[in-house]
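Biologist: Could we go through this structure together? I would like to begin with the strands and then turn to the interior.
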Amino acid sequence: MQDNLSGAAAMESIYSSNPMDSVIKLRDHPLRQRDMVRIGCGAGFAGDRPSAALKLLKKIKRLHYMILECLAERTFVDRYEAMTAGGMGYDPRISMWMELLLPEAVKHGVCIITNMGAMDPLGAQNQVLKTATNLGLSIHVAIAHEIFGPNDVQGCSTYLGAAPIVHALEKGKPNVIITTRMADAALFLGPMIFELGWNWNDYQKLAQGTLAGHLLECGCQLTGGYFMHPADPHRNISSEVLLDVSLPYAEVNYAGDIIVAKAESSGGELSIATCTQQLLYEMDDPAAYVTPDVVINIKNVTFQPLTKDTVIVKGAEPSEGRSPDMLLRLEPMPCGWKGWGEISYGGPGCKERAATSDLLVRSWMEEAFPGSSSCILSYAIGHNSLHIQSIFLSETAGPEAPEVRLRLDGLFDSQMKAVRFTQEFEALYTNGPAGGGGISTGYKKGTSLNKRFVSSHQDRVSVCT
């Protein structure tokens, strides 16, 4: 496996092969480009709002970098399935994002870093360059992606650290850097290391930088998104507060001091509570939060509000292990065929009618393929869909609901069975109980992600400009 960094200007790409061992080596007299760097989060997931990112660019004109974190494991699988079916291996919305953001970013000298490259960073690079040409912009686009050997699983991807981004910034001044799968915090840590002249053994600074990246990586989750809850007096913010929620950004200086912020007088909330919620997001061991660049201890992290729009963040420390010897690799594996169906029932007895439909579809599948009923999950949206059980819907207890939407999900060993499942479900229209409507069905090839650790000493880097 290799990490490949390449650049392209305007509509021209120049590639060269210059393999390097990517085992982290100390940077040779790294230069401090600036004393403080401002990094904004423009997207916290693939379905985030480009218009919100543009607002942040326009309101915070002193930004140096904007990170678009758009590649989760779920969307990684989506891109893998699309590419193997002959579609796009990169994020299909990348042109829309760049069409909106590039003019403002280029105008103010903001470098955009994104993992929208997914399975096909070269394709994403070409698409960004075409978009820039259509906008009348001449830009430099760098890419960071892995190159695998013949024995690697097709479509596999490793959580990389910040080194490829640092290399890309050292080799030139890209307007856009496109990556594949990287640790989310590393997308933010890379520009900190480059701009602030940090080295790979500055573990205390790397810990603080990784903390800043972790707080920013989910976008508005830091500034009030995914936070409001009327039943919780500590989170009962008004709906109106979320109307103009601001994406977050951070100011990080050479010493590793952090201020996280949102646009002045914007909506949302930036507080000890929102920061703590995001701090603990996807956290296993607070004393050893493992990233490819550094293992950090967040047990002593504190948040100190400076204004209603800014919070000082302190206390991240390197754990005893400091840096991991292994990297996490994702390997897509086929896992059969998925089939699903939904139908709605309302009024008295709606739950019982949904349970009857559940029973009928299962029995019809058993007639065609004995034993297939055990491959089906059933639940009723509005009744028990958050507590999925592999049992008949009729066996669940609970009060009568005014309406329910039955959903069945099946995982089968062949496409033929998945297709038959959708056909039997649609037969509920004339063969099931009264009052059913709004049927929707579908099927697709299933993919699971096998996860395993690989030695970081296997990696190599190819830097191209």
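Biologist: Which residue in E10 is the bridge partner of Gly-40?
Modeller: In this predicted model, Gly-40 has Tyr-249 of E10 as its bridge partner.
Biologist: How many bridges join E4 to E10, and in which sense do the strands run?
Modeller: Strand E4, residues 36–43, and strand E10, residues 248–253, are joined by 5 bridges and run antiparallel.
Biologist: And what about E10 and E11?
Modeller: Those strands also pair in the antiparallel sense, over 5 bridges, with E11 covering residues 258–262. They form a hairpin with 4 residues between them. In the turn, Gly-256 has a positive phi of about 90 degrees.
Biologist: Which residue in E11 does Val-252 stand opposite?
Modeller: Val-252 stands opposite Ile-258. Leaving aside neighbours within four places in sequence, the contacts of Val-252 include Met-36, Met-192, Leu-196 and Trp-198.
Biologist: Now the interior. Which residues have the most contacts inside the largest nonpolar core?
Modeller: They are Met-192, Val-252 and Val-260, in a core of 54 residues. Helix H6, residues 184–196, gives the most to this core, with 8 residues. Another core, of 36 residues, lies apart from it and has Ala-52 and Trp-97 among its members.
Biologist: How many cavities of 30 Å³ or more are there?
Modeller: There are 2, and the largest holds about 60 Å³ of space.
Biologist: What lines the largest cavity?
Modeller: Its lining includes Ala-52, Lys-55, Asp-244 and Ala-263. By type, the lining residues divide into 5 nonpolar, 1 polar and 3 charged.

Methods
Residues numbered from 1 in each chain as written. Predicted model: local features only at pLDDT ≥ 70, side-chain atom pairs only at ≥ 80, totals over all residues. Heavy atoms only, no water. Core = buried A, V, L, I, M, F, W, Y, C linked by side-chain atoms within 4.5 Å. Buried < 20%, exposed > 50% of the residue type's maximum accessible area, 1.4 Å probe, protein only. Helix = DSSP H or I, 4+ residues; strand = E, 2+ residues; numbered from the N terminus. Contact = heavy atoms within 4.5 Å. 1 Å grid on protein atoms, 1.4 Å probe; cavity = no way out; pocket = protein on both sides within 12 Å on 5 of 7 lines; lining within 4 Å. Points joined across faces, edges and corners; volume = space filled by probe spheres on them. Nonpolar A, V, L, I, M, F, W, Y, C, P; charged D, E, K, R; others polar. Pairing = 2+ DSSP bridges.
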